[in-house]
Amino acid sequence: MFYTFAKSKVSPMHVVLERVVGQISNEVRHLDAESTQLHPKGLAHKWSAQEVVEHLVLGFRVTSAALQTRLNKGRLSRNQKQTYLQWSLQLMILSFGALPRGVPALDETMPAPGRFPAMDGRQLVDLLRQEADAMDTLLDSCRKKYGIERVAPHPWLGALRVDQWRRFHVVHGLHHLTQLRCVIADVAPAPASIRISSKNLAEKFEIPAQRPLA
């Protein structure tokens, strides 16, 4: 299955999204296509670096679809009421920046074999940025059309304003940034730096103790 990139908008991505997208990009851009497919400790149920990025990309697409629906209909949903659970989750995630642990990802955002081709780090960065930018463009459109109203519902949190949608994706992205760093540390650890001193200089560079005369 092949993927296509959405057309980028002219204006820059909102700074709060740009910050987290930039952090994730810095972690993966150096990886080759082999490293992005490796699972931590060889366990298939643990996401690879590509699968973490895929999950974020699919999350952007789910949000984009919800926003596009509201723009196409030209009106907001009539059901804007929040349950106590949704209010509590909004407080936890949007106000305190804490995602509840142990909650499974939505089916629509679960990585699946064959959904995307194997990509190296730079290709993953391009994909991540294109999808984040496409979502951000729709958020801008909703902000212009609906102002500070709740524009589209999140499956767990209920209807959110544009600023709340951006906040959610920042918190969600930072959550998986921590996961991504752990994955990369396991499958593609940075080489240990060599500390050179007068005591180990000859040993590190395999310099003979005495050189024959020319």
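## Burial and the overall layout

A residue counts as buried when its relative accessible area is under 20%, as exposed when that area is over 50%, and as partly exposed in between. These words are used throughout this report on a predicted model. By this rule, buried residues make up 39% of the 214 residues in the protein.

The protein has six helices and two strands. From the N terminus on, its elements run α-α-α-α-β-β-α-α. Among the contacts with a separation of 6 or more, 80% are between residues 24 or more positions apart.

## A buried threonine in a loop

T109 lies in the loop between α3 and α4. Its relative accessibility is 6%, so T109 counts as buried, the cut-off being under 20%. Leaving out residues up to four places away in sequence, T109 touches H55, L58, G59 and V62. Helix α2 spans residues 49-73.

## The loop between α1 and α2

Helix α1 covers residues 15-28, and the loop that holds K41 lies between α1 and α2. E34 is placed in the loop between these two helices, and K46 lies there too. How exposed are these residues? K41 has a relative accessibility of 64% and therefore counts as exposed. E34, with a relative accessible area of 61%, is exposed. K46 is at 35% and so counts as partly exposed.

K41 has a positive phi of about 60°, although K41 is not a glycine. E34 can be placed relative to G121, which is 87 residues away along the chain: their C-alpha atoms are separated by 9.9 Å. K46 can be placed relative to V183, 137 residues away in sequence, with 8.7 Å between the C-alpha atoms of the pair. If residues up to four places away in sequence are not counted, K46 touches H39, P40 and E51.

## Helix α4 and helix α1

Helix α4 consists of residues 121-146. Its axis and that of α1 come within 9 Å and cross at roughly 170°. An angle over 145 degrees counts as roughly antiparallel, so α1 is roughly antiparallel to α4.

On the α1 side, the residues that meet α4 are L17, E18, V21, G22, I24, S25 and V28. On the α4 side they are G121, V125, L128, R129, A132, M135 and D136. By class, the contact of α1 with α4 holds eight nonpolar, three polar and three charged residues.

## Helix α4 and helix α2

The axes of α2 and α4 come within 9 Å, and the angle between them is roughly 25°. Because angles under 35 degrees count as roughly parallel, α2 and α4 are roughly parallel to each other. The crossing of α2 past α4 is left-handed. In this contact there are 16 nonpolar, five polar and four charged residues.

## Helix α4 and helix α5

How do α4 and α5 run, roughly parallel or roughly antiparallel? Their axes come within 9 Å and cross at roughly 160°. That makes α4 roughly antiparallel to α5.

From α4, the contact is made by M135, D136, L139, D140, C142 and R143. From α5, the residues are V162, W165, R166 and H169. The contact of α4 with α5 divides into five nonpolar residues, one polar and four charged. M135 and D136 also take part in the contact of α4 with α1.

## The nonpolar core

In soluble globular proteins, nonpolar side chains tend to be buried together. In this model, the largest nonpolar core has 48 residues. Which of them touch the most other members? They are L67, L128, V151 and W165. The elements that give two or more residues to this core are α1, α2, α3 (84-95), α4 and α5 (162-187).

L67 shows what such a residue touches. Apart from its neighbours within four places in sequence, L67 is in contact with M135, L138, L139, C142, V151, A152 and W165. Among these, V151 and W165 are, like L67, residues that touch the most other core members. M135, L139, C142 and W165 also belong to the contact of α4 with α5.

Note on methods:
Residues numbered from 1 in each chain as written. Predicted model: local features only at pLDDT ≥ 70, side-chain atom pairs only at ≥ 80, totals over all residues. Heavy atoms only, no water. Helix = DSSP H or I, 4+ residues; strand = E, 2+ residues; numbered from the N terminus. Buried < 20%, exposed > 50% of the residue type's maximum accessible area, 1.4 Å probe, protein only. Axes fitted to C-alpha atoms, helices over the stretch in contact; angles between N-to-C directions. Parallel < 35°, antiparallel > 145°, perpendicular 65-115°, else oblique. Contact = heavy atoms within 4.5 Å. Nonpolar A, V, L, I, M, F, W, Y, C, P; charged D, E, K, R; others polar. Core = buried A, V, L, I, M, F, W, Y, C linked by side-chain atoms within 4.5 Å. Left-handed = near helix turned anticlockwise from the far one by under 90°.
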